[in-house]
Amino acid sequence: MQEVLKKAEDKMGKSLAALGDDFKTIRTGRASAALFDQVKVDYYGTATPLSQVATISVPEARLVVIQPWEKNLLNEIEKAIQKSELSVNPSNDGKVIRINIPPLTEERRKEFVKIAKNLAEQSRVAIRNIRREANDDLKKSCKAGEISEDDEKTGNDKIQKLTDKFVKDINEVLQEKENEIMEI
């Protein structure tokens, strides 16, 4: 029973961590290097994450500076950023790329909140699926005679408590992200 609980907790933890990573890519009014985590640059025919071909720094609250390790990548990086869904306009001075992060409009903020809520709901569904798998594993163990019915009931209760805890954590992370997006 303990291994079923541990496996479920690990999977739920990974789902929560994945949600956190997804939230990093949602733009807020502030500059962040994490905004560019999903940007891939054509590096000698291979789609390579931007962070692996350049240094990304945030010297000011609304400015991102990207310095490629190879100067010939400047144009490729600029194209990749323009193709991304970040809605930012990079400016290339021949050495570095500067990106001013404009303040978000109210309408755009509401769109980003909607995206965040959708991602959170997907995580909640994943948590509930993990709960179902764990309960099924306990039921199989009980039918196979490995654990008693009382142990199965206790295990189901523990898994439900675990599920409630992770859903609560998802809701808290979502609330923080909503506040961050809506802050002016």
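Q: On a 1 Å grid over the protein atoms alone, a pocket is an open set of points with protein on both sides within 12 Å along at least five of seven lines, whereas a cavity is a set of points where a 1.4 Å probe fits but cannot get out, and lining residues have an atom within 4 Å of a point. Which residues lie nearest the centre of the largest pocket?

A: This is a predicted model, in which local features need pLDDT of at least 70 and side-chain atom pairs count only at pLDDT 80 or more, while totals for chains, interfaces and linings use all residues. Residues are numbered from 1 along each chain as its sequence is written, and side-chain values use heavy atoms, with hydrogens and water left out. The lining of the largest pocket holds 16 residues, and T25, L35, Q38, E85 and L86 lie nearest its centre. The volume of this pocket, meaning the space filled by probe spheres set on the grid points, is about 360 Å³.

Q: Why are α1 and α3 called roughly antiparallel?

A: Helices are DSSP runs of H or I with at least four residues, and strands are runs of E with at least two. Angles run from 0 to 180 degrees between N-to-C directions, with axes fitted to C-alpha atoms. Angles under 35 degrees count as roughly parallel, over 145 as roughly antiparallel, 65 to 115 as roughly perpendicular and the rest as oblique. Helix α1 (residues 2-24) and helix α3 (residues 106-143) have axes that cross at roughly 170° and come within 10 Å, and α1 and α3 are therefore roughly antiparallel. Their contact (heavy atoms within 4.5 Å) includes V4 and K7 of α1 and A116 and L119 of α3.

Q: What makes the relation of α1 to α4 roughly parallel?

A: The angle between α1 and helix α4 (residues 149-182) is about 10°, with the axes 11 Å apart. Set against the cut-off of under 35 degrees, this makes α1 roughly parallel to α4. Among the residues that meet are L5 and M12 in α1 and I159 and F166 in α4.

Q: How do you know that β4 pairs with β6?

A: Two strands pair if DSSP finds at least two bridges between them, and 4 bridges join β4 (residues 63-68) to β6 (residues 97-100), which run antiparallel. One position in this region is I66, which stands opposite I97 in β6.

Q: Why is one side of β3 and of β5 left without a neighbour in the sheet?

A: The 4 strands form an open sheet in the order β3-β4-β6-β5. Because β3 (54-60) and β5 (90-92) stand at the edges, each has a single partner strand.
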